[in-house]
Amino acid sequence: MPTGTLLLIDDEARLRQLLAQVLELEGYVVLQAPDAYRGLALLAEHAAEVLVVLSDVKLPDGHGVELLPRFRALAPLAEVVLLTAFGTIPDGVKAMKLGAFDYLTKGDFEQQLVVVVERAAEKARLQRRVHELEKRVGQRHSFESMIGEAPALRRAQHLARQVAPTDSTVLLEGPTGAGKELFAQALHEASGRRSKPFVAVNCSAFPKDLLESELFGYKKGAFTGALTDKKGLLEEASGGTLFLDEIGELELNVQAKFLRVLEMQQFTKLGDTKPTSVNVRLVAATNRNLKQEAAEGRFRPDLYYRLSVFTILVPSLKERASDVPLLAGFFLQHFAARLAKRLPGLAPDTVAALQAYAWPGNVRELKNVLERAAILAPAGELLALEYLPEEFQTGAHPVFSTDDESLRALEARHIKRLMGDLQGSKPEVARKLGIGLTTLYRKLQEYGLEE
């Protein structure tokens, strides 16, 4: 049986009461008002509950069609059905343009009304569910949802909040796994583009010969196998935000096309002769030193200068060691909830071991360690040190160092250990590290670990 609250506004008392009885028999709660003044007051008081407003067109103190914007302003998630004894086509057309769900002529219409009200109520319920989901997503991707109090994190958040409302290009710099995509999502949610798409692309995850067509799309016949036109990710993101992770992996010819996007908001698809226009904000991220890459000819200097209009340094977990217990506690409870297992917290020696570790994989590595531990740990007990990976228990794990070269050595050692643990499976190692295969191959070559 349908449920929910309706608001019925009609100055004809007998008809209003009859319609209310019919709708109440269908399971609705019906609020009643004899005029616009009291109807608007009731709607303001019960806006969170009312699914459908049913209003007579001719009221003693107003016209239902003219009242539509006020109904929508007070209860934007409710639907409005207008009732009239003498319907006119112009009124009906205007009502629908102003957002009315339906426009019904009075008479022997009780059964029709019940059907229309249920359709309108179902649409309102759906809108509320979508709104609630969007709100939850917005909360999950907001700056406030970021866990940590470290000064380095707070500085990055402060800068991000300042630039978020603008359309300026943002470059996020920081190590792999530090949370650059989380910052990009928070920038999008704090901007005027939040209701439009957020499209994330990991440039290192695509083979280089496919990345251009994925980003820009192509026309039918552009190459063998192009059987239809394809819309690229840039077009998918139009109106919203495009997040390019690991932008340093872009080929030089693709970089040139992106420079045109930043300068003109235009690009040319593969196989096309006419430019395609978009309206997109670009947020890019890198774990490389792009300034140095540009100086050494591996990245276009003109694109670097356009990208670095506003640069934010996303801190590594090393720079926010004081946040490790907070993050570990959050991840433990997150995975405990997914496993339907009660895990009250972390044992003191577990916390000490987690804080002593260098975390070359940053927050992503911490999350993976806690997921494994939550699976192994018995319910009802503090998470003991024995449920962390072996290197935490033996004390052989690397500790924090202020020497940059030591950090490079730690990352190399961490990759080497994973290669051994996973029998040299590069796709699996890349997944564990949270990086693309291209990035892993580059690091293996850089650290002399190809064999």
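In this predicted model, helix 8 spans residues 208-216, and its buried residues are Leu211, Glu212, Ser213, Leu215 and Phe216. Just past the end of helix 8 comes Gly217, a residue with a positive phi, near 80°.

Helix 7 is a good next stop, as it is mostly covered, with eight of its 10 residues buried. The buried set consists of Lys180, Phe183, Ala184, Gln185, Ala186, Leu187, His188 and Glu189. Helix 7 also helps to form the wall of an open space: it supplies five residues to the lining of the second largest pocket, the largest share of that lining. This pocket has a volume of about 990 Å³. A total of 34 residues line it, and those nearest its centre are Gly179, Leu182, Phe331, Val363 and Lys367. Besides helix 7 (180-189), the elements giving two or more residues to the lining are strand 9 (198-202), strand 12 (241-245), helix 13 (324-338) and helix 15 (362-376). In chemical terms, the lining of the second largest pocket is made up of 17 nonpolar, nine polar and eight charged residues.

The model also holds an enclosed space. One cavity of 30 Å³ or more is counted, and the largest cavity contains about 70 Å³ of space. Its lining is formed by Thr176, Pro360, Gly361, Glu411, His414, Ile415, Leu433, Ile435 and Lys443. Helix 17 (residues 404-421) gives three of these residues, the largest share. Sorted by class, four of the lining residues of the largest cavity are nonpolar, three are polar and two are charged.

Leu433, one of the residues lining the largest cavity, also takes part in a contact between two helices. Helix 18 (residues 426-433) packs against helix 19 (residues 437-446) at an angle of about 100°, and the two axes are 9 Å apart. Angles of 65 to 115 degrees count as roughly perpendicular, so helix 18 is roughly perpendicular to helix 19. On the side of helix 18, the contact involves Lys426, Pro427, Val429, Ala430 and Leu433, while helix 19 contributes Leu437, Leu440, Tyr441 and Leu444. Eight nonpolar residues and one charged residue make up this contact, with no polar ones.

Two leucines give a closer view of the interior. Leu40 sits in helix 2 (residues 36-45). Its relative accessibility is 10%, and Leu40 therefore counts as buried, the limit for that label being under 20%. Leaving aside residues up to four places away in sequence, Leu40 touches Leu67, Arg70, Phe71 and Leu74. Between Leu40 and Leu74 there are 8.1 Å in space, C-alpha to C-alpha, although the two are 34 residues apart in sequence.

The second leucine, Leu282, belongs to strand 15 (residues 281-286). Leu282 counts as buried because its relative accessibility is 5%. With residues up to four places away in sequence again left out, the contacts of Leu282 are Ser168, Thr169, Val170, Leu242, Leu244, Phe258, Leu262 and Leu307. Leu282 and Val199 lie 83 residues apart in sequence, with their C-alpha atoms 10.0 Å apart in space. Leu242 and Leu244, which are among the residues touched by Leu282, fall within the range of strand 12 (241-245), an element that also gives two or more residues to the lining of the second largest pocket.

Methods: Residues numbered from 1 in each chain as written. Predicted model: local features only at pLDDT ≥ 70, side-chain atom pairs only at ≥ 80, totals over all residues. Heavy atoms only, no water. Axes fitted to C-alpha atoms, helices over the stretch in contact; angles between N-to-C directions. Helix = DSSP H or I, 4+ residues; strand = E, 2+ residues; numbered from the N terminus. Parallel < 35°, antiparallel > 145°, perpendicular 65-115°, else oblique. Contact = heavy atoms within 4.5 Å. Nonpolar A, V, L, I, M, F, W, Y, C, P; charged D, E, K, R; others polar. Buried < 20%, exposed > 50% of the residue type's maximum accessible area, 1.4 Å probe, protein only. 1 Å grid on protein atoms, 1.4 Å probe; cavity = no way out; pocket = protein on both sides within 12 Å on 5 of 7 lines; lining within 4 Å. Points joined across faces, edges and corners; volume = space filled by probe spheres on them.
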